[in-house]
Amino acid sequence: MNNNMLEGSSVRAIIKFAIPLLLGNVFQQIYSFVDTVLVGKYIGMDALAAVGASGNAVALIVLFLMGFTTGASILISQEYGAGNKEGICRTASALYKIILFSTIILGAAGIIASRGILVLLHTPKNILNDATMYLKTVFLGVPFVALYNAGASVARSMGRSVMPLVVLVISSLLNVIFDIVFITALNMGVLGAAYATVLSQVISALICNIFIYMKRYEYNLDGFDFLNAGTEDIKRIVRIGIPMSFQSSVITIGSICIQGLINSFGTVVVAAYTAASKIDLIAIQVIVSIGTAMSVFAGQNIGAGNIERIKTAVKKILIIQLGVCTIIALILVLYRESLLRLFLDTGAEEAVLIGSRYITIVGIAYISAGIMQTYLNVLKGAGDIDFSIYVGIAEVSIRIVMAYALSKILSSETGIWIATPVAWIIACIYTVFRYRSGKWVCKTI
């Protein structure tokens with residue numbers, strides 16, 4: 001189903017695109033959500049901490065690769081808006097060539113360095129072996145995560161967000177089945193959770209890309225040529241992708257630094273953070289999905305020269321974001337303990353208390369995150385890449401500095417939680433000023 005973002009109601013087009021994207025993002029989070037619930041309930045708190053301690057290391061490589069898919073999606077959305085079918089095909093071909101070569105190298109490097117990474121993160125010794133085993137196995141799935149994201153980004157750039165949703169629904173349901181079989185039936189422990197995740201990622205990559213191949217004419221990809229992808233098109237993606245990958249890497253390295261700080265507070269805090277952050281990741285997908293829809297909307301319309309249409313849409317979407325963020329924050333704060341007990345057993349009262357503080361502090365700052373995501377994604381879609389990178393690096397830098405400073409001042413992990421909304425608010429103010437300056441209008445790639 002094609003979603004025309006160049007005419008008609010801008011809000012309807014954005015929401016129509018965002019809903020399947022939201023559902024897809026939520027299902028993608030279900031991969032790790034189900035792992036976490038089953039690991040926490042059926043294996044124990046130490047195993048839950050082991051899974052949580054290793055998550056950011058995989059994210060570092062995945063988000064680095066996604067810098068290229070994001071860069072390519074910006075190019076494709078602008079080419080789609082300009083009606084350049086040949087450009088769409090050339091860019092997609094170059095993207096797959098970049099992804100296939102880089103993902104194998106990075107995945108292998110991650111497997112080799114797994115234990116060393118976890119040691120550097122001050123992972124508690126009692127969970128180090130399980131965390132290493134989990135991390136090495138999950139790194140095997142990195143190439144398939146990248147291939148799925150490449151296919152999904154190509155489809156979404158042209159306003160087609162339903163297909164990636166369907167693929168994720170299928171793979172997520174299979175992930176649940178694999179989890180139940182490997183963890184509860186076969187008693188494979190942490191390794192079973194890792195196997196379930198990797199198998200699901202393999203299936204999602206295969207289904208997504210087979211579907212795109214079958215629909216290549218409808219998707220303007222009938223001239224796709226992976227082997228002969230043009231050097232200039234590769235350079236265009238790399239020129240945008242490297243800075244965006246660098247931004248993603250810096251943000252993830254910042255998360256790794258934060259994880260290291262969290263690990264230093266012990267297994268209970270690690271388990272609490274793992275559970276609370278999973279809830280946070282799912283809740284914030286509404287904000288992220290609307291923001292991503294704005295990026296595609298802005299890319300297509302700036303390619304077509306519809307600047308005023310973008311500005312009008314921003315005003316309307318901000319009202320929606322504010323309402324949605326308020327509702328989400330209220331739900332999280334009111335039901336935080338019940339949500340945390342999905343992950344933590346009845347004997348983990350201290351972890352529930354710590355996780356509740358995290359959810360309360362971060363949840364009430366969702367409004368600033370919603371405003372920031374709306375404006376920032378418009379800037380990205382318009383091609384204002386340099387600013388997007390600067391604000392991303394600034395946000396994570398503030399978060400790291402504040403986390404270490406406040407946790408020391410308060411002598412508590414609560415200081416780490418407070419650092420996140422502080423960073424969001426500062427980045428939000430900076431992003432609003434950039435949008436209002438109007439400089440993004442001339443940034444078309």
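This report describes the fold, the nonpolar cores, the surface and the charged pairs of one protein chain.

The model is a predicted one, and its protein chain holds 16 helices and 0 strands. Of the 445 residues in the protein chain, 57% are buried. When contacts between residues at least 6 apart in sequence are considered, 83% of them join residues that are at least 24 apart.

**Inside the chain**

In soluble globular proteins, nonpolar side chains tend to be buried together. Here the largest nonpolar core has 66 residues, and the members that touch the most other members are Tyr366, Trp417 and Trp440. Which residues is Tyr366 in contact with, leaving aside its neighbours within four places in sequence? The partners of Tyr366 are Asp280, Ala283, Ile284, Ile287, Cys325, Ile328, Leu332 and Trp424. A second, separate core has 40 residues, and Tyr80, Leu95, Tyr96 and Tyr148 are included in it.

Two cysteines can be placed in the interior as well: Cys208 is buried, with a relative accessible area of 0%, and Cys428 is also counted as buried, at 8% relative accessibility. The number of disulfides in the model is 0.

**The surface**

The protein chain exposes about 17,500 Å², and carbon and sulfur atoms supply 68% of this area. Ile327, Leu330, Ile331, Leu334 and Tyr335 together make a nonpolar surface patch of about 550 Å². One of these residues, Leu330, lies in helix H11, which covers residues 307–334.

**Charged pairs**

Side chains of opposite charge can pair when their charged atoms come close. The model has 3 salt bridges, and the table gives the N to O distance for each pair.

| Salt bridge | Closest N and O atoms |
|---|---|
| Lys311 and Glu308 | 3.9 Å |
| Arg341 and Glu349 | 3.0 Å |
| Arg357 and Glu413 | 3.0 Å |

Lys311 and Glu308 both belong to helix H11, and because they are 3 residues apart there, about one helical turn separates them. Lys311 is partly exposed, at 31% relative accessibility, whereas Glu308 is exposed, with a relative accessible area of 52%.

In the pair of Arg341 and Glu349, Arg341 counts as partly exposed at 30% relative accessibility, and Glu349 counts as partly exposed at 41%.

The side chains of Glu413 and Arg357 also meet in a salt bridge. Glu413 lies in the loop between helix H15 (385–410) and helix H16 (414–437), while Arg357 lies in helix H13 (residues 349–363), so this pair ties together parts that are 56 residues apart in sequence. Glu413 counts as buried, at 8% relative accessibility, whereas Arg357 is partly exposed, at 31%.

Terms used. Residues numbered from 1 in each chain as written. Predicted model: local features only at pLDDT ≥ 70, side-chain atom pairs only at ≥ 80, totals over all residues. Heavy atoms only, no water. Disulfide = S-S within 2.5 Å. Buried < 20%, exposed > 50% of the residue type's maximum accessible area, 1.4 Å probe, protein only. Core = buried A, V, L, I, M, F, W, Y, C linked by side-chain atoms within 4.5 Å. Contact = heavy atoms within 4.5 Å. Helix = DSSP H or I, 4+ residues; strand = E, 2+ residues; numbered from the N terminus. Areas by Shrake-Rupley, 256 points an atom, 1.4 Å probe, with all protein chains shown as cover. Patch = residues over 30% accessible without salt bridge, like charges linked within 9 Å, V, L, I, M, F, W, Y side chains within 5 Å. Salt bridge = Lys/Arg side-chain N within 4 Å of Asp/Glu carboxyl O.
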